[in-house]
Amino acid sequence: MGALMVIFSVQPKQRRKTTDSVEDELELSTVRHRPEGLEQLEAQTRFSRKELQILYRGFKNECPSGVVNEETFKVIYAQFFPQGDASTYAHFLFNAFDTDHNGSVSFEDFVMGLSILLRGSIQEKLNWAFNLYDINKDGYITKEEMLDIMKAIYDMMGKCTYPALREEAPQQHVEVFFQKMDKNKDGVVTIDEFIDCCQNDENIMRSMHLFENVL
Amino acid sequence: MAAGVAAWLPFARAAAIGWMPVASTPMPIPPQEKKKGKDGLIILNVSGTKFQTWRTTLERYPDTLLGSTERDFFFHEETNEYFFDRDPDIFRHILNFYRTGKLHYPRQECISAYDEELAFFGIIPEIIGDCCYEEYKDRRRENAERLQDDEEMDMSNDVTPVNLTPREFLWRAFENPHTSTLALVFYYVTGFFIAISVMANVVETVPCGMLPSRAKELSCGDRYALAFFCLDTACVMIFTVEYLLRLIAAPSRYKFMKSVMSVIDVVAIMPYYIGLVMTDNDQVSGAFVTLRVFRVFRIFKFSRHSAGLRILGYTLKSCASELGFLLFSLTMAIIIFATVMFYAEKGSTASKFTSIPAAFWYTIVTMTTLGYGDMVPKTIVGKVFGSICSLSGVLVIALPVPVIVSNFSRIYHQSQRSEKRRAQRKSRLARIRAAKIRGTNVYMRYKQNGQINSLEEASKEAGKALVAKARSPPFESQHNHLLHCLEKTTNHEFVDEQTFQANCMEISVMNKTGSCASSLSSSPHGLSSCCSRRHRKKSSFSLPSTNNQELSTIQIRERPVANSRSSLNAKLDGTLKCDKPYITPSMVSLSAPVVTTSDGHGSTTTTAYSQSNIVRVSAL
């Protein structure tokens, strides 16, 4: 008798689970997105027609529904960094690309972001980087935000590094960064301080041009 | 590696701009982009079926036929296409692999045809995606077993191979009785004697008629005691001989002795020997009688002769939890009803329900609908509850039985499948790890080659050195450059697992030797990882001339000003030279290129290097 009661109590839970997943499936399948026309994108970004074609083909291959949600984004980005855990940095990247903050990156967002990164002026690139570091988008980079970003970058390295990663490495790196960037020592870095400082640093300037001919 | 998402590599590289402002060291030079060969369409004509794809899609996997220059052998000038005289249905899957990065196995295809196509196109089957990998492995194993069966059948028809040692021959004869006539004879003889022995055990308890001098009837065993004893002796001798022969012939004696069949054998013959030893001792003869019960275990020896019995035993074993649960729920019901019946019948006179345990018997007999009638309730309440008991008994017993029967078949198949999956899971995890290690090894090799090449670049013209670099495929070199950028950003390097473990080993060795640094071990940072202590030891080792006091003062001085670059530079210029010769011998595999590049570049790298030293020393 006890066995019967247990059996009957187990059944309804399973049924409930299946109905939930059916609804979830419906939701996912209705999210489809078609990008604006090629001419419009050509006008809005600095990519040529051919480049947009190549970009879209790659994009659609990985995300047939036309939008990337955060999970897919993390999975894709993690494939480039097999040794470490790229999910935190991918999260920040996702927020940087998802400019209208609707939880998904469409092809337009994707290509706008890439246009700034690959074809933009130094000012725009630095602006984009500042936007990436400023997690809550309030116009100031605090030490906590920078520490989060730094930890995310160090997480991508994984465990097996030389010299071995210690827990204060991100913290120290943040200190160095603030030392350099925070001119008025008020504990936050504003966009002007950031851009000024980067423009005066020739290493950073040189590295900004690194990926110009990536596409 | 990440070739499946090769299309997203430009994105990942562009996103690397996010690291630039925080990078501690300058970035490496990106690989030169080859003359962007027109990304044209390639036509692949496979036995008449035309497939088309982009050139870059095929070049994602340069170590396969289609991705390398090997495909030029199949180029057909007249029609300006690549012609392959192979199966187009299977080729579809191979081309999909290039497109999506995942290789699937179609279930309706023959496994050997598929394997041949994969081998032709230079694709290793291990990269089959997880969705199809299980099926692929299953079919492959079936195929292999089929081939093996064919071979065995051929073998058994041939003359038995003479190169078996007598021991192996004996074992083979025992395990497969069909291999030789002697083995077959032995097999039947033992079977016959098992049957005889069991029948003798049964018959010797049958009453055999009365002797005129005795009052009660004798059992056959007592009447013909000598005959039965001789029969028993003969059977036990045969079983003992068989057991000893098996023990001698077993390839692994310890494993054989642990096996179930050997335990059954021992239990079958033990009572006889124990009986021989203590026949005349009346005190233990009671125990001796119980020991004879174990003789019935000889019937289990039949399981060597019957596969069905073995399967039954196995399924019972695997169904044990379900049976246990059934037993538990039955026990609950029995206790409930026994209690109820006891208290219901407590009032009636001359009730058989003397206690709750006594009522257990009634409950069991009623619930299994046996109804012996030796215990019946007399009160009305008792009868009411008794009928409820028998009705619920029908439900409780009858309902789980089909569940258990279906459980048998389900669990049997499932245990087979789960064992398979468990074995495959280990190999799947091993595959994933191997892929990761492959990826990092590629990167390590790139670094060593790349460092050497970049040095050459500095000294020779750029053009020459580039020739050496162009050998690696563009996707890979770009990916490696991306990983290199990450290294430069964080000022740490990727190492492979073995080196990392070796480094950690070093610490534990040096922990024992370096007592001078133990006073520094109580650092406020409270480091727990083993490799952090390595750095502590390293820097202590690097100043062998300084005594403990100097060492501690240096460290103490440096701690509060850990963040001021300029002051540390002044101090560490002294330690820099001492560090380098120490580092080189301990990590021969990686450090040589590292050290040379830091020499080769300008002052910025020295500060970077000393920065990395900052990271190490100030941990104290």
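**Exercise 1.** What area does chain A expose, and what share of it do carbon and sulfur atoms supply?

Solution. The model is predicted: local features need pLDDT of at least 70, side-chain atom pairs count only at pLDDT 80 or more, and totals for chains, interfaces and linings use all residues. Side-chain values use heavy atoms, leaving out hydrogens and water. Chain A exposes about 10800 Å² (Shrake-Rupley method, 1.4 Å probe). Carbon and sulfur atoms supply 54% of that area.

**Exercise 2.** State how the axes of α9(B) and α11(B) are arranged, and classify the residues of their contact.

Solution. Step one: the axes (lines fitted to C-alpha atoms over the stretch in contact) of α9, residues 225–249 of chain B, and α11, residues 260–277 of chain B, come within 10 Å. They cross at roughly 140 degrees (angles run from 0 to 180 degrees between N-to-C directions). Step two: that angle makes α9(B) oblique to α11(B), because under 35 degrees counts as roughly parallel, over 145 as roughly antiparallel, 65 to 115 as roughly perpendicular and the rest as oblique. Step three: the contact (heavy atoms within 4.5 Å) includes B:F229 and B:Y243 of α9(B) and B:S262 and B:L276 of α11(B). Step four: its residues divide into nine nonpolar (Ala, Val, Leu, Ile, Met, Phe, Trp, Tyr, Cys, Pro), two charged (Asp, Glu, Lys, Arg) and three polar (the others, Gly among them).

**Exercise 3.** Describe the contact of α14(B) with α15(B).

Solution. The axes of α14 (residues 320–345) and α15 (residues 356–367) of chain B come within 8 Å and cross at roughly 115 degrees. Among the residues that meet are B:A333 and B:F337 in α14(B), and B:I356 and B:M367 in α15(B). The contact holds 14 nonpolar, two polar and no charged residues.

Note on methods
Residues numbered from 1 in each chain as written. Chains lettered and ligands numbered in written order. Helix = DSSP H or I, 4+ residues; strand = E, 2+ residues; numbered from the N terminus.
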